[in-house]
Amino acid sequence: DLPNRRYLAVAEKGQKGTVSIYDLHSLRKRKVLSHADCQSQEFVSLAFSPDSKYLVAQSGRPDWMLVYWTWEKSKVNAVTKSTNAQNSPVHQVMFNPQDNTQLCVVGTGIFKLYRYSEGNLKQFAVQRNEANNYLCQSWVSEDRVIVGTDQGKVILFEAGEMKAEIAVTTHTARSGMTSAAERSSMVSATAGESASSTASPVRAILSYTKGFFCCCGNGLVHGYERSEEKDREYYKKAKEIEVPVVASDVQGSQTGGVDVGREVTAIALSPSEDNLVCSTQGQQLYTMILSSADISKLGERPEFDLLSHPFHWGPITGMGVCARKPLIATCSMDRTVRIWNYETQILELQKDFPEEAYSVALHPSGLFLLAGFSDKLRLMNLLIDDIRTFKEFTLRGCRECAF
C-alpha cells in the first residue's frame, strides 16, 4: 500500500493480468489498470512510489514486462522488458524510497536498476549477476539495496555494485556481514557451518531504522542491526524470532516436509517500528511486540503470537450457516472443523480429526453439527471447548448434508 496508507493495489490473475486499486477509507475500487502489450495472465509484483503518484507493475511469464503508471490518470508512462537473455523469472520490483524515478528489479540471475526519464525506463549501473537467484529486496538508503537469495544469503549493493554479503544461519556467533574484499575468507570460514545446516532461501526482507529483518529457515525471522567497527559499517545479528509449532503445521509436514506451514513468506513493520507482523506458508498471521523480543531471556528464542486466531491452511471444502445464531461451520482439507462467530469475528471452536471432513451442517439451534467423512456421517455436540460425536450413520463419502 501507499506511504499514506490510503490505497491498496491488488494484482488479479485472469485471461489478462489486471491491477485493481482500492480506497481503504471508502472501501471502494478506484481504478482497474491493464496493458495491451502484456501477454502475461498476471502481475507478480507491485509497488507504489514514495509520493503516491505512480505505480509500477511487473508482469509474469512469458514476456516479463515492467509497466510504470501514473495510476490516477490510468496513464502508462513507460514499458520495458526486465528479464534477461535467458528469459528468467523476475520476483520483485521496488521504488527507491527517496526517488520516484528510480526502480530496482530482482529475479533469477537478475539485479537491475532503472531510472525513468523522458518516457523511458533506462537501466544504469549495469552489473553481471547471473550466479544468484535473488528472491527479495529492500532499500536501506538512497543508493543501497539489500537483496535475499535462495542460498540463504543477504547481499548489499551500493550504487549497483556488490559491496558485502551475509550468510543467514541460526548460529548467531558467526553471523556478521563481510565486505567484498573479505568474501573469499568468509567462504572457507563458513564451510563447516554450511555442511551442518542446509541453506534455506531468504523469502522476504524488510529494512527499518536500526537495520533489517529477513525470513530464512523454518519458522524463523532474523533481526540484524547496523553497527560500526574500525570505520567499517556492517550488520550484526541482534535477535531471532520463531513462529510457534501448531497442530496444523505438523499435519501439513506429513505431505510437504518438516513443519512446512511454519515457513515465513512475508513480513511487515508498523510505522512506529514497534510491532512486527508476519504471514506463513500455512496461511497464518503472527505478531510480535519488538520490545518484548528485546527483553527475552538470554539463550531463549522469543516466539510470535497469533495476530487474531488460527485460520485453515488447506482449501475449505464445506460450509454451513446456523439459522438462529451468528455461527458458521467450515471444514477443510487440513483435517479440521471450525466454528466461527461472524458477529464477534472470532473462532469459537476448532476440532482436529484424523481425516478430512467432506461436508458440514449446523443445526438451527447452534448446538449440533453434522459432518460427512469418508466412512460415516457423524452427528456431534458443540460443547464449550470441544466438538464431540454422539451418533454415527453408515453413509460413505457424504459430500452434502443438511438438517
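Leu27 lies in the loop between strand E2 (18-23) and strand E3 (28-33). In this predicted model, the phi angle of Leu27 is near 60°, a positive value in a residue that is not glycine. Most residues other than glycine have a negative phi, and most peptide bonds are trans. Leu27 therefore departs from what most residues do, since its phi is positive.

A second departure concerns a peptide bond. The bond that leads from Arg61 to Pro62 is cis, and its omega is near 15°. Pro62 is also placed in a loop, in this case the one between strand E5 (54-59) and strand E6 (65-70).

The next topic is the space enclosed by the protein. How many cavities of 30 Å³ or more does the model contain? The count comes to one. The largest cavity holds about 30 Å³ of space. Its lining is made up of Lys16, Gly17, His35, Cys38, Ser40, Glu42, Phe43 and Ser59. By character, the lining residues divide into two that are nonpolar, four that are polar and two that are charged. Cys38 and Phe43 count as the nonpolar members of this lining, while Lys16 and Glu42 count as the charged ones.

Further along the chain, attention turns to a sheet. Strands of a sheet pair through backbone hydrogen bonds, either parallel or antiparallel. Here four strands form an open sheet in the order E29-E30-E31-E32, and their pairing is antiparallel. Which strands stand at the edges of this sheet? They are strand E29 (359-362) and strand E32 (387-393); each has a single partner strand, so one side of each is left without a neighbour in the sheet. From one strand to the next, the twist averages 25°.

Within this sheet, one pairing may be followed in detail. Strand E30, which covers residues 368-372, pairs with strand E31, which covers residues 377-382, in the antiparallel sense and over five bridges. Leu370 stands opposite Leu379 of strand E31.

Finally, the reader should consider the confidence of the prediction. The chain has a mean pLDDT of 84, and 85% of its residues reach 70 or more. Where does pLDDT stay under 50? One such stretch is residues 172-176, for which the model has 15 contacts beyond four places in sequence. Another is residues 178-197, for which the model has 25 contacts of this kind.

Technical notes: Residues numbered from 1 in each chain as written. Predicted model: local features only at pLDDT ≥ 70, side-chain atom pairs only at ≥ 80, totals over all residues. Heavy atoms only, no water. 1 Å grid on protein atoms, 1.4 Å probe; cavity = no way out; pocket = protein on both sides within 12 Å on 5 of 7 lines; lining within 4 Å. Points joined across faces, edges and corners; volume = space filled by probe spheres on them. Pairing = 2+ DSSP bridges. Helix = DSSP H or I, 4+ residues; strand = E, 2+ residues; numbered from the N terminus. Axes fitted to C-alpha atoms, helices over the stretch in contact; angles between N-to-C directions. pLDDT = per-residue confidence, 0-100. Contact = heavy atoms within 4.5 Å.
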